[in-house]
Amino acid sequence: MALYDNQHWLLSHIRDSFIFTDDTSACEMVMLGEDLPKQLKANGVLDCYPGMEDSDDEDIYAMAESYDIQMDMEFGHRQRSNTAQRLEKMDLERKQAAEIKHVKWENKPSTMSVEIQSELFQRKDFRKKKETKADKRHSLLAEQLEKCPNLPQNPFTDYAKFDGSEHIGTPAKKYRIFMSMLPEEQRMYPMQIVVVATAKVQEFIGLICYKYAAEHPDNPLKADITKYGLYITEDDGEVDWDLPCLDPRETIAKFGFTCLGLKEMTPNDRARHNTVVPKTVRYEENPKGKDIEQKSVAEDMAMMDDHTTAMEAPLYQLYRVHIINKVRAKAEIHLGISGEKIEIDPVITGKGAARFWNRQRAVSYHIDNIAWCELVEHKGPKTTFTLVYTSHANHLEFHTGSSGQTPSLQQSTSFKNHDFEADSATAEEIVRKINHILEIRSGTSRKEYLAQRERKATRRKNFHLHR
Amino acid sequence: MTGDGPPNEQVIFVTGGYDHTIKIWQAHTGICQRTAQHTDSQVNALDITPDKQLVAAAGYQHIRMYDLGSSNPNPVINYDGVAKNVTGLGFQEDGKWMYTGGEDCSARIWDLRSRDLQCQRIFQVSAPVNCVCLHPNQAELIVGDQSGVIHLWDLRSDHNEQLIPEAEASIQDIAIDPEGTHMAAVNNKGSCYIWALSGGVGKEPTKLSPRKKLETHKRYALRCQFSPDSSLLVTTSADQTARVWETTDFTETQILKHEAKRWVWDAAFSADSQYIFTASSDGVARLWNVATGVVEREYQGHQKAITALAFRDEVRVSS
């Protein structure tokens with residue numbers, strides 16, 4: 001409470017409080033003539049915070065500083081203090097309690113004689129059939145139900161629960177409601193309706209209809225209450241046409257008016273509070289929203305998959321594919337791919353492997369020698385793909401061969417390639433895997449290959465331009 | 001017509017629940033006639049005194065009685081001194097005493113005749129009492145508890161017996177038909193156990209012999225009641241249905257199910273056994289035609305779940 005060491009402020013606050021909370025306005029009469037805090041300040045008796053001086057010119061503004069004072073719309077009505085309210089409540093409770101007979105449980109185990117006990121807890125011979133003329137097949141309830149078989153059902157019963165008159169503890173508000181849609185002679189007197197404070201305007205309209213329909217079984221009310229609106233009225237029930245109806249979706253307690261008229265919504269108001277639209281919109285939106293959601297989920301999943309394959313790419317994996325050699329003959333080989341190298345091993349299958357043109361040497365390439373890998377063409381279920389590598393001896397590493405040396409840049413690189421064939425899914429998987437590895441490694445061969453391709457492309461472009 | 005006739009010539013239908021109110025309805029129209037306040041507590045059980053003057057409500061730490069004849073929204077008698085929730089209550093048929101059961105692990109007898117002749121009796125068990133049921137001989141109280149034990153308390157001799165139909169299943173409700181031939185008990189597994197009763201008159205002790213086990217519901221069972229003519233049994237459950245069973249062979253004859261699909265907490269038969277009232281978590285009580293399974297009336301007005309109901313009807317003299 002930084003302000004409480006401000007003498008000037010405290011004094012002004014006390015003064016303002018007196019003036020504002022005194023219903024008799026005697027304080028104001030007395031104090032208006034002399035503004036003590038102002039005078040004292042002017043005399044230099046009171047310390048004042050910087051910036052305060054300017055505000056003192058206007059009384060109203062100075063009062064605004066006294067923020068504890070709530071300027072109520074209803075002057076002259078003073079809120080009772082909490083203590084007074086609590087005392088009154090306790091008093092009421094005491095009065096109510098006095099009307100209630102209290103019986104407290106007492107443990108009195110042996111105050112009762114045996115005779116009384118056996119008299120009180122006498123066994124009744126329930127098996128003895130009573131001779132009654134009563135017709136067991138017909139009860140009073142059944143009779144009453146038969147008397148009103150076609151009870152005019154109140155179509156607004158769903159709103160009965162918003163009746164606030166039957167609840168203590170739940171905040172409720174009382175309204176005078178004019179049924180402005182009725183012919184003049186029937187709407188002379190307003191209905192007093194108490195509604196729970198949390199009800200929406202729409203629900204309050206339902207409650208009004210329920211109450212009215214309960215009292216007037218042959219009423220002209222429409223079952224669709226969205227057609228009705230609540231309008232602010234004068235005390236005599238005259239609708240104030242300048243104001244729109246209360247927003248049906250708002251809580252009724254928000255509105256301070258106690259006199260309201262129920263009538264059919266004007267087309268203007270209906271357009272404004274189009275109570276039907278939100279529902280249909282919601283229904284339409286739902287599947288769409290779901291679609292979008294599913295789509296985004298699917299996208300996320302795809303991205304996750306992609307990340308997983310990328311992360312798993314350097315892990316060793318063996319594929320069984322066909323290598324297409326220079327004479328277009330196919331030989332089955334094992335293609336081993338890891339983050340370090342790519343190995344090609346012939347598959348030994350009896351006779352076929354013996355044919356010399358089919359023979360494929362076991363060969364291994366360091367991953368830095370691999371420059372490129374791409375799909376070439378689809379032939380039915382089969383797909384061919386090509387693997388581009390540098391054939392330089394330094395880069396090449398035979399199975400039997402020595403260690404992998406770092407590739408030297410000064411030597412001009414010539415690129416060679418192997419073509420493979422596999423079923424489309426496998427081919428795609430291999431290409432994806434190798435490309436992931438290459439992206440991560442980004443070896444010199446790859447850079448060179450890409451540079452060379454670009455050069456070729458620009459040359460071709462230039463050629464086109466100069467033609 | 002209701003309310004105009006002499007007090008014992010009327011239909012009384014009362015409901016209570018989580019909204020701390022007790023509502024008195026005109027049964028044949030569905031109109032709420034009165035709302036009474038049940039301050040600070042939900043209503044666990046309701047019953048109407050045999051003279052139809054008062055309705056008793058079991059709540060947290062007290063039993064309150066409301067005058068049915070006046071429009072006083074406050075109770076007229078308040079019974080307190082009970083430690084926890086009172087879960088069940090009922091009356092001796094002449095209104096001499098009231099019996100209650102509660103979560104403080106005890107069943108009690110409250111003397112209603114006058115304040116001087118207090119004959120309060122207490123029966124302690126080892127687990128919270130979920131339900132109490134009076135044998136038609138008006139001298140034996142059946143007490144069902146949370147641990148799954150059924151106690152037969154002979155009020156005259158103070159002798160008691162126990163039986164456990166199923167281990168690790170709490171007894172939710174017990175009922176005996178007015179003719180005293182069957183006893184039914186439902187548990188939290190949705191099973192219903194039926195015993196055939198014999199004896200119980202004069203000095204002869206009541207004998208129970210297991211008759212049948214019914215898988216009445218898939219979930220928690222909440223209430224069982226026999227019809228006044230002893231021909232039907234109704235069971236209600238958390239599985240959102242009430243089911244009606246024939247007592248001749250205990251086969252299912254009707255399922256009372258509403259699209260609102262909420263727990264069915266309580267049920268009561270009309271005096272002619274043709275109709276059943278149910279109380280449900282959707283805040284609506286319903287009147288069902290047992291033969292057709294059709295909802296005849298709905299009672300709307302409670303703001304929260306209805307957990308208890310009481311109904312008194314009259315059998316008409318045939319003309």
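Reader: Let's start with helix α6 of chain A. How many Å should its 18 residues span, and what do the end C-alpha atoms give?

Author: The idea is to multiply out the rise and check it against the model, which is a predicted one. At 1.5 Å a residue, α6 (residues 82-99) of chain A should span 26 Å, and its end C-alpha atoms are 26 Å apart, so the two agree.

Reader: Is α6(A) largely buried or in the open?

Author: For that you count buried residues, meaning those under 20% relative accessible area. In α6(A) the number buried is zero out of 18, so the helix lies largely in the open.

Reader: On to chain B. How many helices and strands does it have?

Author: Chain B has zero helices and 28 strands. Buried residues make up 64% of its 319 residues. Take contacts in chain B between residues at least 6 apart in sequence: 44% of them join residues at least 24 apart.

Reader: Where in chain B is confidence lowest, and where is it highest?

Author: Start with the average: chain B has a mean pLDDT of 89, with 94% of the residues scoring at least 70. By element, strand β28 (residues 315-317) of chain B is lowest at a mean of 75, while β15 (residues 171-176) of chain B is highest at 95. Then there are residues 1-7 of chain B, where pLDDT stays under 50 and the model has eight contacts beyond four places in sequence. Where pLDDT is low, the predicted coordinates should not be read in detail.

Reader: How do I read a sheet, say the one with β23 to β26 of chain B? What is the strand order?

Author: Write down the order, then look for the edges. Here four strands make an open sheet, β23-β24-β25-β26 (chain B), paired antiparallel. Its edge strands are β23 (264-269) and β26 (295-300) of chain B, each of which pairs on one side only. On average, neighbouring strands are turned by 20° against each other, ignoring direction.

Reader: What packs on that sheet?

Author: A helix from the other chain: α8 (residues 140-147) of chain A touches β24 (275-280), β25 and β26 of chain B. The direction of α8(A) makes about 90° with that of β24(B).

Reader: Which residues stand opposite each other in these strands?

Author: Go pair by pair. β23(B) and β24(B) run antiparallel, joined by five bridges, and Asp266(B) has Ala279(B) in β24(B) as its bridge partner. The hairpin of these two strands has five residues between them, among them Ser273(B) with a positive phi near 60°. Five bridges also pair β25 (residues 284-289) of chain B with β26(B), again antiparallel; there Trp288(B) faces Val295(B) in β26(B).

Reader: How many residues of the edge strand β23(B) are buried?

Author: Six of its six residues are buried, so to speak of it as mostly covered is fair.

Reader: What does UniProt place at residues 264-298 of chain B?

Author: An unreviewed UniProt entry puts "repeat: WD" there, and also at residues 13-35, 79-114 and 214-255 of chain B. In the model, residues 264-298 of chain B are 0% helix and 63% strand, with end C-alpha atoms 14 Å apart. Residues 13-35 of chain B come out at 0% helix and 70% strand, and their end C-alpha atoms lie 12 Å apart.

Reader: Which strands form the sheet with β1 of chain B, and in what order?

Author: The order is β3-β2-β1-β27 (chain B), an open antiparallel sheet of four strands. β3 (31-37) and β27 (306-312) of chain B are the edge strands. The twist averages 20° from one strand to the next. Within this sheet, four bridges join β1 (residues 12-17) to β2 (residues 21-26) of chain B, and Phe13(B) has Trp25(B) in β2(B) as bridge partner.

Note on methods: Residues numbered from 1 in each chain as written. Chains lettered and ligands numbered in written order. Predicted model: local features only at pLDDT ≥ 70, side-chain atom pairs only at ≥ 80, totals over all residues. Heavy atoms only, no water. Pairing = 2+ DSSP bridges. Axes fitted to C-alpha atoms, helices over the stretch in contact; angles between N-to-C directions. Contact = heavy atoms within 4.5 Å. UniProt positions renumbered as here; feature names shortened; annotations may be inferred. Expected span 1.5 Å × (residues − 1). Buried < 20%, exposed > 50% of the residue type's maximum accessible area, 1.4 Å probe, protein only. pLDDT = per-residue confidence, 0-100.
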